[in-house]
Amino acid sequence: MAKNLVIVESPAKAKTIEGFLGKDFVVKSSFGHVRDLKKKGLGIDIENNFVPSYEISPDKKSVVADLRKSAKAAQTVWLATDEDREGEAISWHLHEVLDLGKKETKRIVFNEITKSAILEAVANPREIDNHLVDAQQARRILDRLVGFELSPVLWRKIKPSLSAGRVQSVAVRIIVERERAIESFKTQSSYKVVAEFSVGGNKVLRAELDAKFKIEKEALEFLENCGVADFHVADLQVKPGKRSPTAPFTTSTLQQEASRKLGFSVSRTMTVAQRLYESGKITYMRTDSVSLSKQALGAAKDEIINSYGSEYANPKQYVTKAKGAQEAHEAIRPTYMNTHEAGIDNDQRRLYDLIWKRTISSQMADAQLEKTTVKVEVSNRSETFVARGEVIKFDGFLKVYLESRDDDNSDSDSGIIPPVAVGEVLEYNKINATERFTHHPARFSEATLVKQLEENGIGRPSTYAPTISTVQKRGYVVKEEREGTKRNYQSLDLINGSVSVYTKTETTGHEKGKLYPTDIGIVVNDFLVENFSKIMDLSFTASVEKQFDEIATGAKSWSEMIQDFYTPFHEKVEYTLENAERAKGERVLGKDPKTGEPVVARIGKFGAMIQIGDGEDDVKPRFAGLQKGMTLSSVTFEEAMKLFDFPKTIGQFEGDEVVVAHGRFGPYVKVKEMFVSIPRDEDISSVDIERAIELIKEKLQADAPVAEYEGLPVQKGTGRFGPFIKWNSMFINVSKKYDFDNLSQNEIIELIEIKKRKEIDKYIHRWDDKGISLQKARWGRFNIIKGKIKIELPKGTNVEDMTLADVEKIIEDRAPKKKAKAKAKPKAKKKK
């Protein structure tokens with residue numbers, strides 16, 4: 001056994017580091033956190049200074065057992081987890097569960113996985129930083145307390161199975177308030193005027209009027225005046241300008257730019273960045289620092305000079321502006337500046353390219369510009385046309401990279417202004433006045449929400465992605481693409497002294513990948529804001545983050561901070577449980593014309609719904625769930641009443657009733673036991689028997705076997721992961737190398753046989769009589785499968801020599817808790 005055991009969080013990181021250390025070192029992975037607060041109960045002793053009670057995660061017991069064995073045999077244990085608070089906490093938990101108190105233990109940190117960085121870390125070990133551990137522990141305990149006490153309030157006052165979180169609830173509030181600002185926004189129109197002047201015979205000067213007109217009549221009057229006016233250049237200014245590069249990436253700016261340029265979600269960005277870091281391609285990816293090390297600055301300068309020339313190099317150190325920046329000491333950058341491309345898949349290559357370009361460009365010279373402004377006066381009006389142009393004299397950092405913006409405007413003035421002189425008389429080719437509309441505040445994307453959270457001091461680099469993921473998983477927020485609506489607008493053209501007026505149509509309001517609050521998210525938010533205003537306050541949440549920062553530096557006691565928070569919070573929870581009314585999000589829409597009963601939109605046990613009747617006079621209320629696209633705040637009385645028209649029998653198909661109804665996944669047609677989805681863009685009320693039969697026949701044709709193999713039918717289909725064929729209950733993906741619409745019998749057989757071989761190859765051992773198998777899993781790991789039980793074994797486990805007895809022992813070690821729970825339930829019932 002090696003003298004030195006190095007423990008990191010991930011197997012990929014372990015593999016990379018092991019290559020840098022000699023034979024005296026063995027590197028193993030903890031696969032992340034090995035223990036957490038106990039799941040049963042609160043897991044915190046409130047009466048004893050909030051002391052937490054931890055337990056080893058069930059799926060980490062075999063990992064811990066293996067690490068204990070290795071640690072016992074090693075002379076020195078090196079804890080090499082990440083350098084942020086989460087990483088420090090993992091090291092501390094490992095120190096505790098592996099009982100390393102008597103063992104020589106060293107803590108090492110590095111923000112890049114290179115040989116020089118690893119060897120330097122080994123040469124300069126330190127102790128575990130208990131202040132960082134306390135800061136992480138305080139966050140975990142506070143979040144558990146908030147969730148544990150707030151969630152039951154929501155169960156009693158709104159509906160079961162809801163949950164609340166400290167940071168997540170504030171994120172939902174931000175989204176809800178933005179949606180309300182959008183709903184209350186009143187669009188106003190005005191007329192934007194743009195002229196095209198002829199210059200030098202064949203060139204055009206495009207200029208925009210420095211004023212806008214509120215109504216069509218004013219715009220029309222202006223164009224009529226222009227028809228008889230003279231135009232001349234009143235002013236011409238040429239000034240030098242510059243554009244400077246932006247700082248290297250932090251976690252937040254990387255998430256934003258990857259969203260804008262690559263279309264990545266926040267979680268996708270972090271997953272890809274994690275893999276690049278673990279393979280030694282980039283520095284640590286959870287950071288709010290924009291600074292670069294001296295070595296990185298020198299390497300960037302050398303690479304710029306070698307690739308672009310000395311005139312492009314302009315080394316500079318950026319200063320971190322984020323409050324409480326603490327996660328790491330350097331921005332996200334390539335580990336080697338002379339490596340222009342890296343990554344094992346397309347996502348990694350694209351993200352690495354973004355990081356490399358951003359880093360290199362940050363150390364390049366400013367772009368030198370020439371900015372030209374031309375003012376054109378109208379002889380019979382006071383308004384002036386203005387043309388602005390921008391010419392790049394020296395591209396500088398723009399040779400490599402230009403940052404995108406959320407409010408990019410394709411109409412912005414840029415480009416070359418044709419040569420003109422002050423006093424020069426101009427002739428217009430065309431002057432256009434177009435009706436334009438003010439736009440409501442932009443909805444949040446994942447990236448712009450991260451920006452908003454960061455600007456408000458809410459959360460830290462390690463929390464952005466989990467926060468956004470959690471609010472979507474809980475059903476409080478959805479990320480959707482929504483179609484726009486058609487809108488008419490007026491366009492007026494002045495050509496050859498004559499004004500023509502046109503009515504044109506455009507699509508407005510189309511949204512892609514934007515965050516919308518759900519009905520339940522709005523109701524929960526309103527209830528929390530009304531009853532827990534302090535917790536939902538943005539500045540208070542930011543102040544809590546500052547206190548975590550103070551704990552991390554040793555300036556504040558974590559237990560005192562928790563005590564100061566918990567006492568008033570707990571009192572508020574008790575008061576709310578006793579006194580607050582139930583929140584239903586009710587909105588009265590009108591009265592049922594047949595019964596006179598009230599029609600109400602509200603939150604029910606299974607979500608947003610319409611209710612007719614209040615249950616009085618022994619008359620049972622009727623209910624209908626809202627359909628996709630409907631919300632409590634926007635559903636109309638007419639739309640609500642239509643929901644009660646279904647399910648409806650509309651005719652027969654081959655002697656069987658055809659029913660049209662609403663379902664969990666949208667409207668559908670049902671005949672016998674077959675369900676046929678109605679396309680999303682079709683109104684369910686417009687589906688008659690002819691259309692229903694058409695949909696049924698399409699379904700039957702789609703499900704019909706296209707071939708047969710070994711006596712079993714082969715079907716074709718298209719799912720969320722693309723085209724597939726189905727045979728013997730196996731779904732087989734069809735890659736692009738095949739012509740899916742024209743698959744031959746030989747190709748179908750080839751696909752099935754490849755799939756069969758893969759199914760066989762994934763088994764390492766099978767004990768069919770026991771219903772147990774040992775299979776290959778992703779990332780070099782292994783799975784033990786028995787019925788619904790799946791036990792993951794870490795990479796490097798010697799599975800080839802495992803016997804049935806070995807596997808049964810592992811299953812037995814993992815299963816006791818589940819069996820104990822199953823026995824406990826009947827006992828509880830008997831006592832009752």
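A residue counts as buried when its relative accessible area is under 20%. The views below show a predicted model.

**Figure 1. A salt bridge between the side chains of Glu9 and Lys13.** The closest N and O atoms of the pair are 2.9 Å apart. Both Glu9 and Lys13 are buried.

**Figure 2. The salt bridge of Glu506 with Arg436.** Here the closest N and O atoms are separated by 3.1 Å. Glu506 belongs to strand 17 (residues 498–508) and Arg436 to strand 14 (residues 425–437), so the salt bridge ties together parts that are 70 residues apart in sequence. Glu506 has a relative accessibility of 16% and therefore counts as buried, whereas Arg436, at 31%, is partly exposed.

**Figure 3. A salt bridge within helix 18, formed by Asp703 and Lys699.** The N to O distance is 3.5 Å. The two residues lie 4 positions apart in helix 18 (residues 689–703), about one turn of the helix. In an α-helix there are 3.6 residues a turn, so residues three or four places apart point the same way. Asp703, at 33% relative accessibility, is partly exposed, and Lys699 is also partly exposed, at 29%. Elsewhere, salt bridges with shared partners join Glu9, Lys13, Asp82, Asp84 and Arg286 into one network.

**Figure 4. An open sheet of 4 strands with parallel pairing.** The strand order is 2-1-7-8. Strand 2 (25–29) and strand 8 (104–107) are the edge strands; each has a single partner strand, so one side of each is left without a neighbour in the sheet. On average, neighbouring strands are turned by 25° against each other, direction ignored. Strand 7 (residues 76–79) runs parallel to strand 8 and is joined to it by 4 bridges; in strand 8, Glu104 is the bridge partner of Thr76. Helix 2 (residues 61–73) lies across strand 1 (4–8), strand 2 and strand 7, at about 165° to strand 2. Helix 3 (residues 85–97) lies across strand 1, strand 7 and strand 8, at about 175° to strand 8.

**Figure 5. Buried residues of helix 12 and the elements that cover them.** In helix 12 (residues 446–455), the buried residues include Glu446, Ala447, Leu449 and Leu453. Among the covering elements are helix 6 (166–184), helix 8 (251–262), helix 13 (464–473) and strand 18 (511–517). Just after helix 12, Gly457 takes a positive phi of about 70°.

**Figure 6. The hairpin of strand 33 and strand 34.** Strand 33 (residues 782–786) and strand 34 (residues 789–793) pair in the antiparallel sense over 5 bridges. Lys790, in strand 34, is the bridge partner of Ile785. The hairpin has 2 residues between the strands, and Gly787 adopts a positive phi near 60°.

Note on methods:
Residues are numbered from 1 along each chain as its sequence is written. This is a predicted model: local features need pLDDT of at least 70, side-chain atom pairs count only at pLDDT 80 or more; totals for chains, interfaces and linings use all residues. Side-chain values use heavy atoms; hydrogens and water are left out. Two strands pair if DSSP finds at least two bridges between them. Axes are lines fitted to C-alpha atoms, for helices over the stretch in contact, and angles run from 0 to 180 degrees between N-to-C directions. Contact means heavy atoms within 4.5 Å. Buried means under 20% relative accessible area, exposed over 50%, partly exposed in between (1.4 Å probe, protein chains only). A salt bridge is a side-chain nitrogen of Lys or Arg within 4 Å of a carboxyl oxygen of Asp or Glu.
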